[in-house]
Protein chains: 2
Amino acid sequence: MTDDLDVCLPHDIDQDKIRKWQDQMPDMDYVVSIFKVMADETRLSILWLLSVDEWCVHDLAAAVNSSVSNVSHHLRLLRTSRLVKSRREGQRVFYSLDDEHVIRLLDEAFKHSQHKKKLR
Amino acid sequence: MTDDLDVCLPHDIDQDKIRKWQDQMPDMDYVVSIFKVMADETRLSILWLLSVDEWCVHDLAAAVNSSVSNVSHHLRLLRTSRLVKSRREGQRVFYSLDDEHVIRLLDEAFKHSQHKKKLR
DNA sequence: GCAATAATTGAACAATTGATCAATAATAGT
DNA sequence: ACTATTATTGATCAATTGTTCAATTATTGC
């Protein structure tokens, strides 16, 4: 916790700086929630696969080496986060991306990753 | 778990698709770790503040409304993830970004956020 | 050496998360 | 109506995470 009782104590020169940038700080909530969703190997794999094609739950589970149940749980989170959408076709439910921005984030992140790899 | 014992059972048409994209899937580990680091309000705020200037721990703590101890813990994670670097100046330790890619990720994410806001 | 400021560290705890299992729902074919 | 396939859901449990507190380290000035 921050108590601003440190008036006239050492190191109060930067109060202006603190206030200035505190005021300009954007709302973190939404961005944090997006990063939370993407910060999981299974979900990130799903998103990557959905960025190249449409997939049914069964095949997604096979592709990410997990159970249908587990993948379904993850898909629900992705759906409520509005990152993917679904459509039913017979017994199967097909999922696809529902957010152009996510592709940009994925691209940026994997580009980043590639670059880091070279440095080692 | 996926047992590929479903040979010659319904819905085996897509085995090729599964294998094809499974093989092309990039390594998720590094990207997941970066998203994990960014998926926290305190750390994201710190990163955002560091993207505009250099900060000492004390001021960062004040700016994100947290304790010095807490911020120091977060900074350690950011440091070991190689996203920030530090330099000592007297009693104080100044932190700054150590990864150009992070700025791009931040920009992309907050741009995304801005756009979503308009839609509601 | 001592006191003051700044920062780091480790332990402890509550809260959140991801995976698994069993049960249920939805659809299609016989 | 019954069975098989696909998908969803809820409960449970282990593992991870974020915060707090107390103790420690590092640096400066007296």
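Contact here means heavy atoms within 4.5 Å. On that basis, chain A puts 56 residues into its contact with chain B, and chain B likewise puts in 56 residues. This is a predicted model, so please read the values as computed from it.

I'll start with the protein interface. Chains A and B bury about 5,500 Å² between them, with 66% of that area on carbon and sulfur atoms. There are four salt bridges between the two chains. One of the residue pairs joined this way is Arg104(B) with Glu108(A), whose closest N and O atoms are 3.3 Å apart. Polar contacts across the interface come to 12 residue pairs, both residues being at pLDDT 80 or more. On the chain A side, the elements supplying at least two residues each include α1 (15–24), α2 (29–38) and α6 (100–118). Of these, α6(A) gives the most, with 11 residues. By class, the chain A side has 25 nonpolar, 13 polar and 18 charged residues.

Now DNA strand D. It is surrounded by 26 residues, and His58(A), His73(A), Tyr95(A), Ser69(B) and His74(B) are the closest. Of the strand's atoms within 4 Å of the protein, 70% belong to sugar and phosphate.

Three contacts are worth listing. His74(B) has a polar side-chain atom 2.4 Å from a phosphate oxygen. A backbone N or O atom of Val57(A) is 3.3 Å from a phosphate oxygen. His73(A), by contrast, places a polar side-chain atom 2.7 Å from a base oxygen.

Both chains contribute elements here, including β3 (92–97) of chain A and α3 (41–52) of chain B. The largest share, five residues, is from α5(A). The surface near the strand has seven nonpolar, 13 polar and six charged residues.

Key: Residues are numbered from 1 along each chain as its sequence is written. Chains are lettered from A and ligands numbered from 1 in the order in which they are written. Side-chain values use heavy atoms; hydrogens and water are left out. A residue is near a molecule or strand if one of its heavy atoms lies within 4 Å of it. A polar contact is a pair of N or O atoms within 3.5 Å; within protein, one must be able to donate a hydrogen and the other to accept it, and residues adjacent in sequence count only if both atoms are side-chain atoms. Helices (H or I, at least four residues) and strands (E, at least two) are DSSP runs, numbered from the N terminus. Ala, Val, Leu, Ile, Met, Phe, Trp, Tyr, Cys and Pro count as nonpolar, Asp, Glu, Lys and Arg as charged, and the others, Gly among them, as polar. Buried area is the accessible area (1.4 Å probe) that two parts lose on being put together, summed over both. A salt bridge is a side-chain nitrogen of Lys or Arg within 4 Å of a carboxyl oxygen of Asp or Glu.
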